[in-house]
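Me: I'd like a close look at one part of this structure, and then a walk outward from there to the rest. Could you start at a single loop position and keep the story connected?

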There are 2 protein chains.
Amino acid sequence: MEYQLILQNVSKHISLQENERNYFFSILELKEVKRKDLLLREQQICRYIYFVNRGALRAYYVDKSGRESTIMFGLADWWITDMHCFINELPATLYVEALEDSEIVQLNKENFQKLLVDLPVFERFFRIIFQNAYIREQLRMIENLSLTAEERYVNFLKKYPQVQLHVTQKQIASYLGISPEFLSTIRNNLAKTKIS
Amino acid sequence: MEYQLILQNVSKHISLQENERNYFFSILELKEVKRKDLLLREQQICRYIYFVNRGALRAYYVDKSGRESTIMFGLADWWITDMHCFINELPATLYVEALEDSEIVQLNKENFQKLLVDLPVFERFFRIIFQNAYIREQLRMIENLSLTAEERYVNFLKKYPQVQLHVTQKQIASYLGISPEFLSTIRNNLAKTKIS
DNA sequence: CGTCTATTTGAATGTACTCAAAAGCGGTGG
DNA sequence: CCACCGCTTTTGAGTACATTCAAATAGACG
């Protein structure tokens with residue numbers, strides 16, 4: 001069933017009665033996207049929060065000079081969107097693109113808000129989701145402030161070993177905040193060090 | 001009354017009945033701290049989430065070589081703690097210090113969890129708190145990845161004009177992820193540019 | 001008032017970037 | 001299914017941004 005994974009994800013933190021589960025399913029929309037499709041582009045109003053059923057997404061920012069910064073990756077079982085713009089109903093500052101053909105479950109803003117009112121147990125669920133997201137961002141910030149680029153790269157591989165399989169080095173570089181050329185040099189150095 | 005400000009803060013997002021309010025107040029603890037007091041030090045188990053009633057706090061990380069990175073400031077009306085360690089009951093990786101004599105409202109982990117169960121409306125409250133905290137961290141990350149040190153400094157002053165009044169330049173530098181000497185140079189350049 | 005820390009200034013250094021060009025790889029269409 | 005095209009990755013040279021170290025000055029706290 002197409003909502004198996006999202007139900008599992010939700011059930012990690014809360015339990016649902018059958019009627020609650022049915023209500024939850026009724027407000028979800030399944031969506032297929034092709035590699036390179038944009039789920040969200042800059043300036044567009046961000047109406048959805050996305051759950052990745054299968055495939056891989058990437059949220060990124062593009063500055064005035066065209067440089068991309070990857071804000072997060074989203075593999076299967078992850079929630080992703082431009083949260084700032086979703087919550088505050090603003091034009092997006094991020095792009096969300098499919099890195100490969102993917103299956104997405106989307107929940108629109110209206111239904112998201114309705115869900116929180118109709119099934120308050122989802123307040124708990126999203127409290128935990130946001131709490132974990134906040135903690136993750138804070139840990140990332142600590143790493144960015146205190147580690148060298150090489151250490152950040154090594155940590156990234158250790159923390160997200162699956163991500164490598166879906167993304168390019170260029171995208172990892174833009175997640176770490178370094179140029180692709182420099183990441184290449186880092187990898188070269190690491191390879192040398194491992195041999196000796 | 002000493003819990004006026006925290007009640008206001010909570011009431012921005014949820015409303016409480018009188019008995020709920022009384023219950024909430026009953027699990028809070030008021031605490032006076034002196035300038036330079038540490039509310040939390042590395043390795044210590046982080047048992048509390050703090051709300052700043054009056055004064056100013058700072059949460060920071062210290063790496064192996066002794067370099068400090070400021071993770072966040074907490075002025076009056078802000079919540080602050082080492083969230084990762086508070087939630088997961090781990091030894092702290094952050095320090096939380098008072099930048100001046102301050103009045104703090106603290107809530108311990110046990111009561112925090114009990115509060116969420118006893119008054120589920122607080123699930124909503126903390127959902128919103130964490131949601132906003134996540135969004136803030138994500139915006140900060142975008143800035144760190146895409147802006148120069150000078151732009152980050154200018155944005156910081158614009159976004160947190162009150163903070164300047166309570167913290168040193170060295171602390172702002174460690175929040176921006178640059179050396180105090182370089183921040184000094186940036187300020188020098190900005191001053192020159194403004195005149196001409 | 002004295003001491004300690006923060007800030008400024010400058011010189012030397014290093015880390016990471018830009019630009020350019022070559023090599024490698026993967027997706028797409030014929 | 002193969003060959004081509006375009007994008008990614010590598011490599012290297014030159015450069016810029018930011019750091020470290022050191023020393024002088026300023027400022028704040030006890």
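Reply: Happy to. Lys36(B) is exposed, because 10 other C-beta atoms lie within 10 Å, and the cut-off for exposed is 12 or fewer. Keep in mind that this is a predicted model. Lys36(B) sits in the loop that links β1 (29-33) to β2 (38-40) of chain B. Its backbone deserves attention too: phi of Lys36(B) is near 75°, a positive value in a residue that is not glycine. For background, most residues other than glycine have a negative phi.

Chain A offers a companion case. Asp77(A) also has a positive phi, near 85°, and is not a glycine. This residue belongs to the loop between β5 (68-75) and β6 of chain A. Asp77(A) is classed as partly exposed because 14 C-beta neighbours fall inside 10 Å.

From that loop we can step into the sheet. In chain A, 4 strands make an open, antiparallel sheet with the order β1-β8-β3-β6. Its edges are β1 (29-33) and β6 (79-80) of chain A, each of which pairs on one side only. As general background, strands of a sheet pair through backbone hydrogen bonds, in parallel or antiparallel fashion. Here, β1(A) and β8 (residues 102-108) of chain A run antiparallel and are joined by 5 bridges. Within that pairing, Lys31(A) stands opposite Ile104(A) of β8(A). Across β3 (48-54) and β8 of chain A lies helix α4 (residues 109-118) of chain A, which runs at about 65° to β8(A).

Ile104(A) also leads us to the core. Among the contacts of Tyr50(A), leaving aside neighbours within four places in sequence, are Ile104(A) and Gln106(A), as well as Trp79(A) and Ile80(A). Other partners of Tyr50(A) include Leu39(A) and Leu57(A). The largest nonpolar core holds 80 residues, and Tyr50(A) and Tyr50(B) have the most contacts inside it. In soluble globular proteins, nonpolar side chains tend to be buried together.

Now to the DNA. There are 15 residues around DNA strand C, and the closest include Phe182(A), Thr168(B) and Lys170(B). Each of three helices supplies at least two residues of the surface near DNA strand C: α8 (180-195) of chain A, and α7 (169-176) and α8 (180-195) of chain B. α8(B) gives the most to that surface, with 6 residues. By type, the residues near DNA strand C are 4 nonpolar, 7 polar and 4 charged.

DNA strand D has 16 residues around it, and Thr168(A), Gln169(A), Lys170(A), Ser184(A) and Phe182(B) are the closest. At least two residues of the surface near DNA strand D come from each of α7 and α8 of chain A and α8 of chain B. The largest share, 6 residues, is that of α8(A). Here the residues divide into 4 nonpolar, 7 polar and 5 charged.

One last loop connects two of these helices. Gly177(A) is placed between α7 (169-176) and α8 of chain A. Gly177(A) counts as partly exposed because it has 15 C-beta neighbours inside 10 Å. Beyond residues up to four places away in sequence, Gly177(A) touches Ser69(A) and Asn144(A), along with Asn144(B) and Leu145(B) of chain B. Thr193(A) is 16 residues from Gly177(A) along the chain, and their C-alpha atoms are 23 Å apart.

Notes: Residues are numbered from 1 along each chain as its sequence is written. Chains are lettered from A and ligands numbered from 1 in the order in which they are written. This is a predicted model: local features need pLDDT of at least 70, side-chain atom pairs count only at pLDDT 80 or more; totals for chains, interfaces and linings use all residues. A residue is near a molecule or strand if its C-beta atom, placed from the backbone, lies within 6 Å of it. Ala, Val, Leu, Ile, Met, Phe, Trp, Tyr, Cys and Pro count as nonpolar, Asp, Glu, Lys and Arg as charged, and the others, Gly among them, as polar. A residue is buried if 20 or more other C-beta atoms lie within 10 Å of its own, exposed if 12 or fewer, and partly exposed in between; C-beta atoms are placed from the backbone. Two residues are in contact if their C-beta atoms, placed from the backbone, lie within 7 Å. Two strands pair if DSSP finds at least two bridges between them. Axes are lines fitted to C-alpha atoms, for helices over the stretch in contact, and angles run from 0 to 180 degrees between N-to-C directions. A nonpolar core is a set of buried Ala, Val, Leu, Ile, Met, Phe, Trp, Tyr and Cys residues joined through C-beta atoms within 7 Å.
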